[in-house]
Amino acid sequence: MMYYHRALKLLAFLDSSSEADTTVTEEEGIALMKYTYVVSCQKYWEHKAKRDPRAEEIMDLLKHNEALRVSYIDQVSTGIDEKEYYSVLLKYDRQLQREVEIYRIKLPGPIKLGEGKPENQNHGFVYTRGDAVQTIDMNQDNYFEEALKIRNLLEEFRHNHGIRRPTILGVREHIFTGSVSSVAWFMSAQETSFVTLLQRLFANPLKIRMHYGHPDVFDRLWFMTRGGLSKASKVINISEDIFAGFNCTLRGGNVTHHEYIQVGKGRDLGLNQISTFETKIACGNGEQFLSRDVYRLSHRLDFFRMLSFFYTTIGYFFNTTVIILSLYVFLWGQLYLALSSVENSVLGNDKDSKKALGAVINQELIIQFGLFASFPAILESSIEIGFLEAIWEFLVMQLQLSIVFYTFSTGTRAHFFGRTILHGGAKYRQTGRNFVVQHTSFAENYRLYARSHFIKAIEFGLILIVYAIYTPSAKITFFYMDMAFTCWLLVLSWIFAPFLFNPSGFDWLKTVNDFDDFMNWIWYRGSVFTKEEQSWESWCYPKLELGDGRSDSGWQPIFYTVPCLSETELQLSTVFYTFSMGTRAHFFGRTILHGMGVQSIDEPGIISLCNTQVLQKIIDYTRSHFIKAIEFGLILTVYAMYSPSAKVSCSLMDIFSHPLQSFRYPGGIFAKAEQSWESWWYGEQHHLLTTRLWGKLPGRKSY
């Protein structure tokens with residue numbers, strides 16, 4: 001970014017080239033008057049105290065760039081548990097050959113109360129000067145030829161764009177990391193379409209462009225008097241960029257977009273980095289959905305700008321979530337029609353009806369396949385590199401399975417947007433954006449994508465398999481392909497995308513190592529302090545404790561508010577709830593019919609971890625569960641024997657061919673219920689003697 005300083009020195013030289021007495025010192029002074037680069041580094045004091053190499057690198061940058069300044073928070077211990085906080089601005093003095101503090105301002109407390117990134121931005125904003133401020137992220141680059149146009153860009157503040165002068169000058173980005181890998185190329189194409197064609201459309205004629213990234217240039221005095229560049233409230237302002245645009249629009253500002261200058265941008269390179277970035281954006285849009293800023297804008301914009309605002313911000317993620325929900329409804333509805341044997345009566349038995357439905361689905365297929373949505377990217381590429389080259393580039397992207405990548409990204413956005421709407425809990429996620437393309441183990445991919453992609457894809461796949469078995473439409477090959485092809489594409493994309501786009505994902509040695517690592521992770525026998533990366537239990541059970549999606553990892557299904565259970569736990573819970581239903585039904589009906597059956601039950605004060613004896617279980621559950629279950633089983637067995645629809649090879653009655661021996665207790669009449677079946681049985685009939693509903697029991701007294 002110091003190219004701006006060099007460009008201003010060159011422009012100052014050219015402007016004063018006719019004057020014979022111009023010196024290099026004057027050019028340097030003019031450039032320093034016009035430009036200062038402030039880096040907000042809150043932990044510089046910590047790195048300096050530990051003699052971290054990063055502090056030495058920052059000092060080296062200060063030595064070689066005179067216009068560079070560093071702002072940080074200094075902590076001074078004044079007691080055992082007391083600290084004082086100071087905001088400090090540094091520069092390097094070339095005459096003294098050391099760093100010099102320009103400002104040291106005492107703060108009332110720690111500065112980081114909300115989100116770290118906007119707090120950092122607002123902290124450095126107070127040390128800027130001049131009329132304009134350009135916000136730059138650490139993954140951005142600049143070009144000298146672009147820096148020469150900065151004076152032309154700043155002149156835009158003097159001219160009206162519409163009815164007022166601009167307060168934010170939008171600048172396009174140049175994604176320079178597209179050649180690293182196929183996934184980076186897909187991400188670069190997606191971002192290039194957004195930062196060029198779409199933002200031009202947002203600015204004019206829709207007049208709804210916000211602040212989406214860091215190259216934009218702000219009217220410093222306008223924002224200084226209106227609360228700063230960013231809002232930094234915890235969680236709700238996780239996407240701090242766009243809230244600057246919300247604040248600007250609500251306060252009567254004007255946002256424009258200019259194409260004649262650009263700034264370099266390095267995007268994420270690996271699938272996991274891109275998914276983490278998409279997760280952060282989706283969670284941020286979920287919080288925007290709940291924010292007051294969106295509520296106020298929706299009430300103050302006119303109808304057409306309100307629709308444009310919806311579809312250019314939260315509406316895109318909302319529609320993506322609705323598409324996934326519609327897929328759930330579509331598949332479960334088709335499965336219900338197939339299992340109930342009414343599909344032909346609903347869809348029609350004739351082939352013309354099937355063809356009509358297939359035509360409708362084919363039209364939807366074009367949109368789902370991404371062909372219609374790819375037109376903006378093709379048009380933008382045709383403008384920059386030519387129409388034929390753009391078509392060829394599009395075909396090459398399809399051959400490299402870009403549709404699998406974009407389908408996978410759709411699942412990421414839908415999952416985390418819906419999860420944030422239902423449960424909240426969005427947080428800033430560091431993607432790293434390192435220039436590294438490395439192999440990721442299967443265990444790591446499973447931890448990242450199990451609940452957002454794998455579980456849902458397996459559910460869709462099972463529905464499609466059962467539907468293909470029971471539907472008569474499966475005999476019509478092309479009709480079934482029309483009905484299920486896009487669904488199968490989604491299933492395969494969500495399951496195999498992490499392996500297709502994993503570097504060296506099909507290397508045999510790494511595959512074997514990944515399998516061993518995954519099995520060790522599943523069966524790890526460790527203590528309760530085991531990390532999530534070491535044990536499946538440590539990863540899974542923290543997600544189940546809260547049940548509302550607010551765990552640190554944040555992998556909670558969108559569409560269910562109950563805790564996520566494993567397959568074994570789900571089966572056992574079903575058995576438990578079915579058993580409890582029998583208990584409630586038995587004792588409720590027994591009390592209604594016979595009465596006098598309500599007794600206080602002593603519950604132990606300490607939870608017993610021992611197994612209950614088998615005899616005690618028989619005593620407790622014979623009348624309420626076992627007898628009824630045996631009756632149901634006998635009915636089903638007789639039905640299976642005599643029903644023509646039950647074609648079984650052997651009779652279930654063989655199970656009862658060997659009756660149990662008598663378990664009569666050879667004791668006296670004073671035997672307890674725990675010792676004798678007879679004592680327990682006649683004790684159970686005491687309420688019948690009292691109510692006289694069934695008459696007295698013949699020949700015996702109840703004990």
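How many bridges join strand β2 to strand β3, and in which direction do the two strands run relative to each other? In this predicted model, eight bridges join β2, which covers residues 68–77, to β3, which covers residues 83–93, and the two strands run antiparallel. One position where this can be followed is D74, whose bridge partner in β3 is Y86.

These two strands belong to an open sheet of four strands, arranged in the order β1-β2-β3-β4 with mixed pairing. Because β1 (37–40) and β4 (98–107) stand at the edges and each has a single partner strand, one side of each is left without a neighbour in the sheet. From one strand to the next, the twist averages 30°. Across β2, β3 and β4 lies helix α4, made of residues 53–64, which runs at about 140° to β2.

Further along the chain, R220 is found in helix α9, which spans residues 220–224. R220 is buried but has no salt bridge, since the nearest side chain of opposite charge, that of D131, is 6.4 Å away, whereas a salt bridge requires the charged atoms to be within 4 Å. Leaving aside residues up to four places away in sequence, R220 touches F125, T128, R129, G130, D131, A132 and V133.

The unreviewed UniProt entry annotates residues 316–339, 454–472 and 478–501 as "transmembrane region". Over residues 316–339 the model is 100% helix and 0% strand, with the end C-alpha atoms 35 Å apart, while over residues 454–472 the chain is 89% helix and 0% strand, with the end C-alpha atoms 29 Å apart.

Technical notes: Residues are numbered from 1 along each chain as its sequence is written. This is a predicted model: local features need pLDDT of at least 70, side-chain atom pairs count only at pLDDT 80 or more; totals for chains, interfaces and linings use all residues. Side-chain values use heavy atoms; hydrogens and water are left out. Two strands pair if DSSP finds at least two bridges between them. Axes are lines fitted to C-alpha atoms, for helices over the stretch in contact, and angles run from 0 to 180 degrees between N-to-C directions. Contact means heavy atoms within 4.5 Å. UniProt positions are given in the numbering used here, feature names are shortened, and annotations may be inferred rather than shown by experiment. Buried means under 20% relative accessible area, exposed over 50%, partly exposed in between (1.4 Å probe, protein chains only). Lys and Arg count as positive and Asp and Glu as negative; His and the chain ends are not counted.
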